[in-house]
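Here's a quick tour for anyone meeting this protein for the first time. Have a look at the fold, then read on.

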Amino acid sequence: LRGGGEVGFAPSHGNSNTESFNGRLDLTYAEGGAWRHSANLFGLRSRSEYSETREDGSVVRDRRTTANRYTINANSAYLMDERGTINTALRHEEDDFGTYSRQQSVSVSYGNRVIESERAHLDLQVGPGYRRAHDTLDNRTEASLIGRGLIDLRYSLSENTDIVNKLLIESGEYNTFAQNDLGVSVTMNSHLALKAGWQARHNSDVAPDIKKTDTLTTMNVVYRFK
């Protein structure tokens, strides 16, 4: 069993007070045979404090949660040969402030490592799946078949600096969901690293007053174990 966790906390105080927290846990287990299993958990929570002036001139301060989301992913891969895999993937997401408050998907895909060298690897996956999503605007649950694609790239700039980019796409009858995670990590020792990350999430079918694309920038401390 090997894996790692990362955490970031960004408080801001002054005329307005904000607090943002994000965390991630990744686990990978490789059996002695051809199976490899992995899982990850991501969470994001932000709160802000603001002032409001009432009609009588009094000023009151209130605190409001502005982001609250977590995602769980689980994957199992069967190694067919040195490069090819058959993969099963599960994804569950809860988002209090999105058009879809809940999304669940399951898929089966074929994967191939199209690039493998000392400094880089590139994995591609594509296959069918099924997704259920709760639309908060219409208060209904939508279900449909989907096509799922994954692009996973890792490139080593130096002995202690890596660039990683993962793009996930789930496209179905009701919505196309895409998420891209870009990160640059600098290793300090065998266990600790610093990581700067940028995440973009896109839903094609959203409420009129909600943007289709959200972005998140993070600066985290990473702990790895094996």
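## A barrel and its cavity

In this predicted model, 12 strands close into a barrel, in the order β1-β2-β3-β4-β5-β6-β7-β8-β9-β10-β11-β12, with antiparallel pairing. From one strand to the next, the twist averages 20 degrees. (Strands are DSSP runs of E, at least two residues, numbered from the N terminus; two of them pair if DSSP finds at least two bridges between them; angles run from 0 to 180 degrees between N-to-C directions of lines fitted to C-alpha atoms.)

Let's zoom in on β1 and the strands it pairs with.

| Strand pair | Bridges | Partner of Gly-5 |
|---|---|---|
| β1 (residues 2–12) and β2 (residues 17–30) | 11 bridges, antiparallel | Leu-25 |
| β1 and β12 (residues 213–225) | Five bridges, antiparallel | Tyr-223 |

Also on the β2 side, Val-7 stands opposite Gly-23.

Now for the empty space. A cavity here is a set of points on a 1 Å grid over the protein atoms alone where a 1.4 Å probe fits but cannot get out, and lining residues have an atom within 4 Å of a point. One cavity of 30 Å³ or more turns up, and the largest has a volume of about 50 Å³, counted as the space filled by probe spheres set on the points. Its lining includes Tyr-100, Arg-131 and Glu-142. Strands β6 (100–116), β7 (120–135) and β8 (140–156) each give two or more residues to that lining, and β8 gives the most, with three.

Residues are numbered from 1 along each chain as its sequence is written. Local features need pLDDT of at least 70, side-chain atom pairs count only at pLDDT 80 or more, totals for chains, interfaces and linings use all residues, and side-chain values use heavy atoms, with hydrogens and water left out.

Definitions and conventions
Helix = DSSP H or I, 4+ residues; strand = E, 2+ residues; numbered from the N terminus. 1 Å grid on protein atoms, 1.4 Å probe; cavity = no way out; pocket = protein on both sides within 12 Å on 5 of 7 lines; lining within 4 Å.
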